[in-house]
Amino acid sequence: MPQIALHYEPRDQFLPFHQRSQRWSALLCHRRAGKTVAAVNDLVLRALYTKKPKARFGYVGPFRQQAKEIAWEYLKEATKDIRKGEPRESDLRIVLHNDAVIQIYGADNPNSLRGLYFDGLIVDEYADIRPSIWGEVLLPALMDRRGWAVFVGTIKGKNHFYQTTEKARQDPDWFYMCLKGSESGILDEEDLAELRSQMSEAQYQQEIECNPNAAVQGTYYSEIISRMEAEGNIGDYAYDPHEMVHVSADLGFTDSTAFWFWQLDHDGPILIDYYENDGQPLDHYIGMLRDKNYDYADIWLPHDAVAKTLATKRSTVEQMLDAGLPCKVVPRMAVQHGIDAARMMLPATRIDQTKCHDGIEALRAYRRTWNDKTQQYANTPLHDWASNGADAFRYFALVSDAAKAKEIARENVEPLIKPPEYSLDDLYEAKEEDWRSQIIRL
């Protein structure tokens, strides 16, 4: 049998990872540790030696373009003498001599992963991937053929990647590796000193020392979320069937759609449920709202829900009103005003940690855009997996105080029923200037 020379010499630090026998793994590594190179080559090695027929393996990054820039060249280099034919640049796909397929995917398009099976997956920069992708898409794809998975990344606070690494650290059925800059031996003292001089202490602790308690740079709400967890405002808060439910939604026409569900008492709002999905028609969300069997007081939609679509010639709000749902529309406001309202409402809010888990992680991860030219965070939010959940929460913050006042005053909250003739302006509760004054009162 001819010998195959692989173009990879692993660092000593990653030898235990390559020699592992566990099905699930988590690699928590400092920047420039070489975790992506190790993960890609491990993927190639296991694909090369698999005995499974029609084997399929995948590398998943937060965005397809990002995954391509990070891993595609490494993958081509690692397989240059063992692949069949040329790499497929159009779909980032490589076929090995044993017919095993390795392909690169982006978590920003989960539909490209639905319905597939995998024998092994690398999930890179997992902290930047919507957490529900794992349970809804990736884990089921590994079940039929008992595939394995490796979660790779750098710590960004106590988010879902941190929770995964903690499970791996405590569970002997998982492989766990943590490489801190001060302990790994990969970066010498001079390199570490230079990094420390060029970074803030919080950045250094997060990026180099893998410290989950370091302040996460550029986030809007992560510190507030941490305080709420410590104070018990995030815990077990069940649905009360005797109280009406309010909803705020962010409707994504090209990406995810998110819903927050809350109830009110004299101590403030309680977020009892969260739902997010992508690539679904409006009928799917109407069905979801009905299936939950909540008694809805109102369902708040973003201002662009009044726009008519080319396909139906009817607006989203019209279609939901026709379905008998009590819709209202949040007035158009500057994003920053909504973020300010959210920051003030969060400490006065309680959140159910189980049914709202994915929404909490979206709030924790929501952050500013980083400007590479100025090396500063901009005053605009980064549009990523966390955006839709955070936007729906922003709408909640703007309307929940008004809803609380009405319910505590025991006013009747009548569903908004579409009359034969009506103006969309009737759906708005207030003008923008009224909301500005309300934010000040919060």
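Buried here means under 20% relative accessible area. Keep that cut-off in mind as you move through this predicted model.

**Stop 1: A341**

Select A341, which sits in helix 12. Its relative accessible area is 0%, so A341 counts as buried. Now add F393. The two residues are 52 apart along the chain, yet their C-alpha atoms are separated by 9.9 Å.

**Stop 2: helix 9**

Helix 12 (335-345) also helps to cover the next element, helix 9. Select residues 222-231 to show helix 9. Which of its residues are buried? They are S222, I224, I225 and M228. These four span an arc of only 160° around the axis, which means that they share one side of helix 9. An α-helix has 3.6 residues a turn, so residues three or four places apart point the same way.

Next, show what lies over that buried side. Besides helix 12, the cover includes strand 8 (234-235), strand 14 (350-352) and helix 13 (357-365). Then turn to the face pointing away from the buried side. There you find A230 and E231, both exposed. Step just past the end of helix 9 to G232, where phi is positive, at about 85°.

**Stop 3: the open sheet**

Strand 8 and strand 14 lead into an open sheet of 7 strands. Colour the strands in the order 8-14-11-10-9-12-13 to follow the sheet across. The pairing is mixed. At the edges are strand 8 and strand 13 (327-329), each paired on one side only.

**Stop 4: strand 9**

Zoom in on strand 9, residues 245-250. How many of its residues are buried? The count is 6 of 6, so strand 9 is largely enclosed by the rest of the structure. In a regular strand the side chains alternate between the two faces of the sheet. Check both faces of strand 9. One carries V245, V247 and A249, and the other carries H246, S248 and D250; both faces are covered.

Now bring in the neighbours. Strand 12 (residues 296-301) runs parallel to strand 9, with 4 bridges between them. Select V245 and Y296 to see a bridge pair from these two strands. Strand 10 (residues 256-265) pairs with strand 9 in the antiparallel sense, over 5 bridges. Two places to look are H246, opposite W262, and D250, opposite A258.

**Stop 5: the largest pocket**

Leave the sheet and select R31, Q66, E125, K156 and E207. Among the 37 lining residues of the largest pocket, these lie nearest its centre. The space inside is about 1300 Å³.

Which elements build the lining with at least two residues each? Show helix 2 (35-48), helix 3 (64-78), helix 8 (201-207) and strand 15 (368-371). Helix 3 gives the largest share, 4 residues. Colour the lining by character: 14 residues are nonpolar, 9 polar and 14 charged.

**Stop 6: the largest cavity**

Keep K156 selected, for this residue also lines the largest cavity. Rolling a probe the size of a water molecule over the atoms shows where empty space is left. The model has 3 cavities of 30 Å³ or more. The largest has a volume of about 80 Å³.

Add the other lining residues: A127, D128, N159, V216, T219, S222, R364, A365 and R367. By character, the lining divides into 3 nonpolar, 3 polar and 4 charged residues. S222 brings you back to helix 9, where this residue is on the buried list.

Terms used. Residues are numbered from 1 along each chain as its sequence is written. This is a predicted model: local features need pLDDT of at least 70, side-chain atom pairs count only at pLDDT 80 or more; totals for chains, interfaces and linings use all residues. Side-chain values use heavy atoms; hydrogens and water are left out. On a 1 Å grid over the protein atoms alone, a cavity is a set of points where a 1.4 Å probe fits but cannot get out, and a pocket is an open set with protein on both sides within 12 Å along at least five of seven lines; lining residues have an atom within 4 Å of a point. Grid points are joined across faces, edges and corners, and a volume is the space filled by probe spheres set on the points. Ala, Val, Leu, Ile, Met, Phe, Trp, Tyr, Cys and Pro count as nonpolar, Asp, Glu, Lys and Arg as charged, and the others, Gly among them, as polar. Buried means under 20% relative accessible area, exposed over 50%, partly exposed in between (1.4 Å probe, protein chains only). The arc is that of the directions from the helix axis to the C-beta atoms. Contact means heavy atoms within 4.5 Å. Two strands pair if DSSP finds at least two bridges between them.
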